[in-house]
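User: I would like to go through this model with you, beginning with the way its chains meet and then moving to the strands and single residues. Please reason each answer through before you give the value or name.

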Amino acid sequence: MASIISVDTLQDSAGSNEITTANVKTAFDQRVKAWIHYNGSSASIAESHNISSATDNGTGDYTATINSNMSSSTYVVMNFVAGGDDRRAAHSARDELVAGSWNLICRSAVVADSNALTDENKVMGATFGDLA
Amino acid sequence: MVSIIKVTSVQDTSGNNETTTENIKKAYNNSPKVWTHFDADASIDGSFNSSSITDNGTGNFDVNFTNNMADFSYAASQLTQNNTDVGYNGISVDHIGVYIRLLSNQAAYDRNSNQLIVVGDLA
């Protein structure tokens with residue numbers, strides 16, 4: 001049988017670090033639901049949470065597949081590319097965002113490259129919102 | 001009357017999943033305080049602590065917060081669709097301005113599926 005303590009507020013034993021039970025729930029509900037650090041050069045996952053696989057769709061175009069799906073397609077994704085000073089890359093999601101996956105797109109920020117797609121070895125993304 | 005438990009750590013009845021009260025507090029302090037996913041017509045598809053979007057013109061929006069941030073030194077990150085980029089256009093305790101431009105010619109552009117998160121302290 002599950003044990004439950006009903007309480008409004010937690011504090012540590014010194015009376016510090018007070019937090020309400022409501023905010024404990026908020027912190028859990030709003031945590032990052034899935035994240036990935038992907039190597040686009042070797043098409044491999046460096047590290048991840050709640051990711052079942054990643055797909056290399058072509059130069060600068062990757063799909064992260066979520067293990068436990070998001071509840072809908074209206075969640076929020078933050079993608080980031082750590083490129084060198086001479087190969088900085090813009091980052092953007094593809095038009096489609098679905099409950100079970102999202103895209104990470106890498107584009108060169110070098111003007112002469114006309115924002116061409118580019119493979120980078122430190123491509124990162126995270127999702128926020130509700131799980132199914 | 002508000003009930004308070006003073007405890008160093010919490011664990012389940014099997015003695016697993018232990019975490020300190022201090023780390024529970026840190027988890028809340030560093031959780032996103034706002035996130036929103038909105039479209040070109042300023043409609044919200046999904047959100048947390050974002051009450052509305054103001055459409056200021058082509059590619060120019062204000063994301064309004066339900067509960068204000070403590071000050072304007074919070075951190076935010078944004079993302080929009082392929083071939084467009086997004087930047088800030090004013091930052092305040094109760095909203096943040098979002099400016100969306102095409103990558104090809106930097107022209108202001110109305111895009112669907114615009115996403116933003118805010119981390120920091122609430123007021």
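**The interface and the strands behind it**

Analyst: In this predicted model, 37 residues of chain A are in contact with 38 residues of chain B.

User: How much area is buried between chain A and chain B, and what percentage of that area do carbon and sulfur atoms give?

Analyst: The size of an interface is often given as the accessible area lost when the parts come together. For chain A and chain B this buried area comes to about 3300 Å². Carbon and sulfur atoms give a share of that area, and the share is 62%.

User: Which three residues supply more of the area that chain A buries against chain B than any other three?

Analyst: Taken together, the three residues account for 17% of the area that chain A buries against chain B. No other three residues supply as much, and their names are A:Gln11, A:Gln30 and A:Met78.

User: How many salt bridges, and how many residue pairs in polar contact, are there between chain A and chain B?

Analyst: For salt bridges between chain A and chain B, the count is 0. The side of chain A that touches chain B nevertheless includes 6 charged residues, beside 14 nonpolar and 17 polar ones. As for residue pairs in polar contact across this interface, with both residues at pLDDT 80 or more, the number found is 12.

User: Which strand of chain B pairs with β1(A), and in what sense?

Analyst: Two of the facing residues can be named, since A:Leu10 has B:Ile5 as its bridge partner, while A:Gln11 stands opposite B:Lys6. Over 3 bridges, β1(A) runs in the parallel sense with its partner, residues 4-6 of chain B, which form strand β1.

User: What is the strand order of the open sheet that contains these strands, and which are its edge strands?

Analyst: The sheet is open, has 3 strands with mixed pairing, and follows the order β2(A)-β1(A)-β1(B). An edge strand pairs on one side only, and this holds for β2 (19-20) of chain A together with β1 of chain B.

User: Is A:Gln11 buried or exposed, and why?

Analyst: A:Gln11 has its place in strand β1 of chain A, and its side chain makes a polar contact with the side chain of A:Glu18 at 2.6 Å. Apart from residues up to four places away in sequence, A:Gln11 touches residues of both chains, among them A:Ser16, A:Asn17, B:Ile4 and B:Thr21. Because its relative accessible area of 8% lies under the 20% cut-off, A:Gln11 counts as buried.

User: How many residues lie between the two strands of the hairpin formed by β3(A) and β4(A)?

Analyst: Strand β3 (residues 34-39) and strand β4 (residues 44-49) of chain A run antiparallel and are joined by 5 bridges, and A:Trp35 has A:His49 as its bridge partner in β4(A). In the turn, A:Ala43 has a positive phi of about 55 degrees, and the number of residues between the strands is 4.

User: How many helices and strands does chain A have, and what percentage of its residues count as buried?

Analyst: Chain A has 1 helix and 10 strands, and from the N terminus on its elements run β-β-α-β-β-β-β-β-β-β-β. Of the contacts in chain A with a separation of 6 or more, 55% come from residues 24 or more positions apart. Among the 132 residues of chain A, the share that counts as buried is 38%.

How values were computed:
Residues are numbered from 1 along each chain as its sequence is written. Chains are lettered from A and ligands numbered from 1 in the order in which they are written. This is a predicted model: local features need pLDDT of at least 70, side-chain atom pairs count only at pLDDT 80 or more; totals for chains, interfaces and linings use all residues. Side-chain values use heavy atoms; hydrogens and water are left out. Contact means heavy atoms within 4.5 Å. Buried area is the accessible area (1.4 Å probe) that two parts lose on being put together, summed over both. A salt bridge is a side-chain nitrogen of Lys or Arg within 4 Å of a carboxyl oxygen of Asp or Glu. A polar contact is a pair of N or O atoms within 3.5 Å; within protein, one must be able to donate a hydrogen and the other to accept it, and residues adjacent in sequence count only if both atoms are side-chain atoms. Ala, Val, Leu, Ile, Met, Phe, Trp, Tyr, Cys and Pro count as nonpolar, Asp, Glu, Lys and Arg as charged, and the others, Gly among them, as polar. Two strands pair if DSSP finds at least two bridges between them. Buried means under 20% relative accessible area, exposed over 50%, partly exposed in between (1.4 Å probe, protein chains only).
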